[in-house]
Amino acid sequence: FIPFGDLDDEATTVENLQFSADGSMLLATHNEGGWRVFDMKDFSTIAEHLDIKHWDTRVGWSADGRVTWKEGKGFVALDLSTGARSNLEIFGVQSSSDGQRHIHVVAPEDDAPLEEPSIAQIRGAEGRVVYEMPVEDELMIYAGFSADKSRAVLSIETQSTHLIDLNEGTH
């Protein structure tokens with residue numbers, strides 16, 4: 001099973017893999033920003049969006065099982081059963097497989113002082129902030145979430161990895 005074996009060299013590198021909440025599908029992204037969803041019964045392709053033309057697409061699952069990704073300054077969602085595509089207000093950098101937790105980065109306003117940092121927020125599916133911390137701009141952030149949603153781990157480029165207790169709000 002080679003998720004992107006039919007693409008050019010750079011796009012064959014898998015950047016992220018994430019099961020759907022029920023485990024029936026696998027979402028794979030490559031390092032040029034595109035993605036495919038595979039049926040776990042036979043590894044057939046259910047859906048794909050390969051021609052994104054930007055590596056920073058932040059692909060994931062929404063709480064209702066749609067595939068979501070960054071497009072321009074916002075996020076879009078694709079319903080795999082209907083093919084309907086819509087804007088999605090509540091999403092972020094990376095999500096849990098059931099879409100109940102995600103990372104959202106809030107950049108300073110354009111007129112803010114240069115030293116003001118961005119804020120990484122862990123949010124619930126409804127958009128409520130459950131944890132936040134300052135981060136430098138333009139850094140890659142990767143996240144993992146426990147099945148019970150009580151813990152998160154954030155790996156931020158050039159920084160140590162943070163294990164966060166979301167019930168206590170500590171790391």
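**A tour of the strands and one aromatic pair**

Begin by selecting Tyr142 together with Ser155 in E14, since in this predicted model Ser155 is the bridge partner of Tyr142. Extend the selection to strand E13 (residues 141-145) and E14, and you will have two strands that pair in the antiparallel sense over five bridges. They form a hairpin with five residues between them, and in that turn Lys149 has a positive phi of about 70°.

Next, colour strand E14 (residues 151-156) by face: Ala152, Leu154 and Ile156 lie on the covered face, whereas Arg151, Val153 and Ser155 lie on the uncovered one. In a regular strand the side chains alternate between the two faces of the sheet.

From Ala152, move across to its bridge partner in E15, Ile164. E14 and strand E15 (residues 161-165) are again antiparallel, with five bridges, and they form a hairpin with four residues between them, where Thr158 in the turn has a positive phi of about 70°.

Now turn to the open sheet of four strands, which runs in the order E5-E6-E7-E8 with antiparallel pairing. Strand E5 (60-61) and strand E8 (85-88) stand at the edges with a single partner strand each, so one side of each has no neighbour in the sheet. Within this sheet, four bridges join strand E7 (residues 74-78) to E8, and Leu78 can be selected opposite Arg85 in E8.

Finally, select Trp35 and Trp69, and ask how many aromatic pairs a search of the whole structure finds. The search finds one, and it is a tilted pair, 5.3 Å centre to centre with 50° between the planes. Trp35 belongs to strand E3 (residues 35-39) and Trp69 to strand E6 (residues 67-71), 34 residues apart, and both are buried.

Note on methods
Residues numbered from 1 in each chain as written. Predicted model: local features only at pLDDT ≥ 70, side-chain atom pairs only at ≥ 80, totals over all residues. Heavy atoms only, no water. Pairing = 2+ DSSP bridges. Phe/Tyr/Trp six-rings, centres within 6.5 Å; stacked < 30°, edge-to-face > 60°. Buried < 20%, exposed > 50% of the residue type's maximum accessible area, 1.4 Å probe, protein only.
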